[in-house]
Amino acid sequence: MKNLLIAPSILSADFAKLGEEVQAIDKGGCDWIHFDVMDGSFVPPITIGDNVCKAIRSHTDKPLDVHLMVNHPDTQVEAFVNAGADIITVHQEACIHLERTLQYIRSFGKKAGVSLNPATPVSTVQNVLHCVDMILLMSVNPGYGGQSYIHAVTEKIVEARRMLDEAGSSAHLQVDGGVNNATIAEVVGAGADCVVAGSAVYNTPDYAQAIRELRKLAG
Ligand code: DX5
Ligand code: ZN
């Protein structure tokens with residue numbers, strides 16, 4: 001197993017002081033910065049776009065992990081490349097030509113991720129593994145921070161881990177939604193090597209302590 005990567009989601013940060021909030025998780029020992037983009041169509045809320053991504057880029061040297069919860073994600077890719085994104089993840093459910101979209105992200109020299117909602121089978125990405133740098137399994141229905149982990153997703157983590165190992169793929173397996181002190185051992189035990197944690201980090205007084213605690217409890 002690779003070393004566990006922890007990617008706090010800035011969705012739960014204080015947007016009025018986002019630069020400081022990014023610096024705080026950077027200093028607190030996170031591995032990546034998870035950036036949730038919502039368009040009010042693929043998911044109900046509207047959050048933040050490439051201009052905000054560009055604004056926080058100068059506040060950290062750590063990888064910016066952009067999670068596009070948007071329809072027509074191809075229209076956003078170049079803007080996020082220019083805004084300094086390192087990893088760009090699209091939803092399988094939003095891509096008619098998924099292979100093309102993943103190759104398009106890679107054509108900019110960026111890492112390409114594909115995300116699956118809880119109801120979407122792992123097998124839907126089996127045939128694009130040759131151009132996938134990360135599978136992101138949603139363990140809540142996307143749209144909001146602070147939701148409860150859907151335990152039925154744990155068997156999808158096991159299945160995705162097996163699929164990546166059998167394919168000889170070194171792609172990351174990321175899990176997003178409801179990951180906290182109570183659920184992280186289940187998520188990592190099932191085979192995830194990267195976890196997103198929004199409220200479990202940002203809704204605490206000491207981000208460094210929260211990240212340390214998550215690492216410890218991951219086992
Ligand atoms: C949900 C987002 C998540 C969210 C995670 O739609 O993709 O990244 O912020 O928040 P928590 O960790 O609070 O479930
Ligand atoms: Zn996310």
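Here are three short exercises on ligand 1 and the pocket around it.

This is a predicted model, where local features need pLDDT of at least 70, side-chain atom pairs count only at pLDDT 80 or more, and totals for chains, interfaces and linings use all residues. Residues are numbered from 1 along each chain as its sequence is written, and side-chain values use heavy atoms, with hydrogens and water left out.

**Exercise 1.** Find which residues come nearest to ligand 1.

*Solution.* Start with the shell: 20 residues are around ligand 1, counting any with a heavy atom within 4 Å. Asp-36, Gly-143, Asp-176, Gly-198 and Ser-199 come nearest. Next, sort the shell by class: 8 nonpolar, 10 polar and 2 charged, with Gly counted as polar. Finally, look at β2 (33-38), which gives the largest share, 3 residues.

**Exercise 2.** Work out how far polar atoms of Gly-143, Gly-146 and His-34 lie from oxygen atoms of ligand 1.

*Solution.* Use polar contacts, meaning pairs of N or O atoms within 3.5 Å. First, a backbone N or O atom of Gly-143 sits 2.7 Å from a ligand oxygen. Then try Gly-146, where a polar backbone atom is 2.8 Å from one. Last comes His-34, with a polar side-chain atom at 3.5 Å.

**Exercise 3.** Say what volume the largest pocket has and which residues are closest to its centre.

*Solution.* The volume is about 250 Å³, taken as the space filled by probe spheres set on the grid points. Of the 24 lining residues, Gly-145, Gly-146, Asp-176, Gly-177 and Gly-178 are closest to the centre. By class, the lining splits into 11 nonpolar, 11 polar and 2 charged.

Notes: Chains are lettered from A and ligands numbered from 1 in the order in which they are written. A polar contact is a pair of N or O atoms within 3.5 Å; within protein, one must be able to donate a hydrogen and the other to accept it, and residues adjacent in sequence count only if both atoms are side-chain atoms. Helices (H or I, at least four residues) and strands (E, at least two) are DSSP runs, numbered from the N terminus. On a 1 Å grid over the protein atoms alone, a cavity is a set of points where a 1.4 Å probe fits but cannot get out, and a pocket is an open set with protein on both sides within 12 Å along at least five of seven lines; lining residues have an atom within 4 Å of a point.
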